[in-house]
Amino acid sequence: MLRIENLHKSFGTAAVLKGVSMTVNDGSIVGLVGVNGVGKSTLLRIIAGVYRADTGMVQLNGRDTWYDEEIRRSIAFVSDEPYYPAGSTVASLRLLYQSMYDFDEALFEEYRQIFGIDLKMSLTSMSKGMKKRVSLLYALCIHPKLILLDEAYDGLEPLARLRLKKILSGMIEDENVSVIISGHNLRELEDICDAFCILEDGVVLSYGDLLESKGNVHKYQAAWVSEITREAFSGLDILHYEQEGRVVRMVVRGSEEQVREELKKTDPVLLDVLPVSFEELFLYELESRGYAE
Amino acid sequence: MSREYLNYLIRKRAVVLGFFAMCCLGISIAWAAGGLADTAMLRGSETAAALTMLMAIGFPLVQFSYVHRRSSADRFFALPVSREKQLVTEIAFLFGSCAVCYLVIMCILYAMYGIGHMAAGQFLLILAAVLLSLLEAVLISSCLYLIANSVFDGIMICAAYTFLPLTAAVTVTTFHGSLVAGDHGYSSGLSYLLSPAALAFRFITSVHNGEPVSVPEVLLGIAYALLACFGLYRNYAERKTERAEQLSDSLFAYPVIINIYAAATLFCLACDTVSHRPDFILYLILFVVYIIAQFVYKRKIELKPVYLAVFAGLLAVTHITAYAGWKTHGFGEAERLPLPTENIRTYDYYAYVTPEDLGKADPEYRVCVRVMINIPRGKEASYREAIDILEAYRKKAIDWYYERSADSTGDTGRLNVYGKQAENSYDMTGHLWYGVKEPIPEKDLIRLSEYGSVQVESPVLEESYSLSQYIEKRR
């Protein structure tokens, strides 16, 4: 289990993380989202031990990820901008992983076939997508307990995404690994993640099980005989509200049954309930805090 | 130290290091073979030392370049090894590579040229000296490179610090040359003391030549290396990884370096200006260079008021200091006659004078009076009268140096004061020389002739007389 408590990080005078706390359970895939510059990559780098937090704590299975070398051996970090020295090939990169991690040759061969990567390929002449595949390939072959993918899922073509999803599912089943994926393509993340974390202004805005959270937020479309005002729904936790004459569309947080009961009290002539996607959940959460403007 | 990481580094660089070692070996053998057999080992050894020293200075710039790139820093700082261990491993690898390369070359050279020509003791002493120097070079070069936040800045800062001792020496030399009357020597000693590389090369040369080694200089080199260890800990183990690819704005990077160079150059210009040799175009050029340096630092061309303010501040401080130096006769340095370190102190004087009065300057250069008085160390009391005359005359020359105006006409002669080991020796040390306005009066020349040689020459007629002969002839 990954435990993050009250994490603070500043770059000079700019505070990026202002007290991030969250927990990632074993076998969970967390989608880490937020607007640009909110600190997603910074958070992942701190977990990976690349950056040092100003204050706060990051522990994986009860061991500090900055000080404990053994626990760091079980963290695979794939940066948004993978580094490959000039002239390096897929094979030459293997030396680093063989020397420093619990590198599994058999897994490497298996995944290499799945990702369709040739050992002799020059890394510097590869496309961005291929480079990401190589980074993922190595990250998956070191028997990690925690995989950190910084925008590494974005930009993969659908087939590669599907293959990665399959591999991760297998790893979660077999080795109970945890995964944190940061990205901007929420539709893609929704496919793979079972939990989410929305960062906003350096703190965790919302965090939890994706299905549960989505089950707690719904889109309601209703119509009344005569025009109605927003004040009529003052008892509801409305994330988004729009009205066209007698028709109201709103996104409300809360149990579907309770909200439906509340709305029925106003005698609507029509009431539809629709589920929200992860992207909508993210957008409405931000909108409710004034980001949409 | 991390064994896994060291293993990785060795395997990663093995081919390149092997190739470099082969090149060094080839060059060293070629150098050793091209001369007398007796000194072949020495020549080869010096070449091997120089090449591996260059490797020790340059290799850290390659090895630590990952620190300066965001993507590579992500990869290498995420490795399962603590920063402290990673640093120790990197340094051990760098030093080990240079040391192994050097030792392999030296063993081969010794087998080929050393047996029977170089004593085992000297061989081992050379090895120890070079290995110590290699370690110092690796530590200092790594430390300087890591002050910066990008590869380009790292190279610039290494270059800036390399030339800083030279700049300091030029500044001190300019101060002495312009503000201290009589002193025109180049202060190379300072550049040696401030330059760990120069100290290391001097140490290696001394050991090779069998000359006595300056222990304080060796200790100073070690002190620089220890300082570098502290710097490395700060700039690597405690480094904020996010510095990669940012502006190199740490305390010892551009902000200080640019202003040190600007201050040193302005002080040199100020010394020239207050000593009536101004060259105002140089101020303009320096200001342009200052702005360019700020561009290199900030990566954008801008003329911020703060640049102007700092430059103006440096201009004011350096000129006030230089002016104070001028008014106080080089902060009292001009009045001080250095204690003799040689066996003999020589006063050597000449002036162009009139044939009628040897104490009167002659703009037509008809007659030249030359005085040379050698005063053995410890016998100053016997030369008291001569010393008093010449020292009083030296004081006059000093006053003349500081009182002259920009449009003063040229000197009529010169007074030299220097030390030497023997009367007939031509090697001068601590050479001071003064331009003179008024020649030494004839009556003083007569008194001085009792302590040394006073010659009167006629450049036109190519004749030379002793003072007494000349006075006799003139009558």
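This section describes the contact between chain A and chain B in a predicted model, followed by two residues of chain A with positive phi.

The contact involves 28 residues of chain A and 24 residues of chain B. The size of an interface is often given as the accessible area lost when the parts come together. Here the two chains bury about 2,500 Å² between them, with carbon and sulfur atoms accounting for 53%. On the side of chain A, the greatest losses of area to chain B fall on A:Glu69, A:Tyr83 and A:Met100, which together make up 27% of what that side buries.

Five salt bridges are counted between chain A and chain B. One of them pairs A:Arg45 with B:Asp74, whose closest N and O atoms lie 2.6 Å apart. Eleven residue pairs are in polar contact across the interface. Strand S1 (2-11) and helices H1 (40-48), H2 (69-72) and H3 (90-100) of chain A each provide at least two residues of the side that touches chain B. H3(A) contributes the most, with seven residues. By class, this side of chain A comprises 15 nonpolar, six polar and seven charged residues.

Two non-glycine residues of chain A have positive phi values. A:Asn61, with phi near 50°, lies in the loop between strand S4 (55-60) and strand S5 (63-64) of chain A. A:Asn61 counts as partly exposed because its relative accessibility is 38%. For A:Asp267, phi is about 55°, and the residue occupies the loop between helix H9 (256-264) and strand S14 (270-275) of chain A. A:Asp267 has a relative accessible area of 58% and is therefore exposed, the cut-off being over 50%.

Definitions and conventions: Residues are numbered from 1 along each chain as its sequence is written. Chains are lettered from A and ligands numbered from 1 in the order in which they are written. This is a predicted model: local features need pLDDT of at least 70, side-chain atom pairs count only at pLDDT 80 or more; totals for chains, interfaces and linings use all residues. Side-chain values use heavy atoms; hydrogens and water are left out. Contact means heavy atoms within 4.5 Å. Buried area is the accessible area (1.4 Å probe) that two parts lose on being put together, summed over both. A salt bridge is a side-chain nitrogen of Lys or Arg within 4 Å of a carboxyl oxygen of Asp or Glu. A polar contact is a pair of N or O atoms within 3.5 Å; within protein, one must be able to donate a hydrogen and the other to accept it, and residues adjacent in sequence count only if both atoms are side-chain atoms. Helices (H or I, at least four residues) and strands (E, at least two) are DSSP runs, numbered from the N terminus. Ala, Val, Leu, Ile, Met, Phe, Trp, Tyr, Cys and Pro count as nonpolar, Asp, Glu, Lys and Arg as charged, and the others, Gly among them, as polar. Buried means under 20% relative accessible area, exposed over 50%, partly exposed in between (1.4 Å probe, protein chains only).
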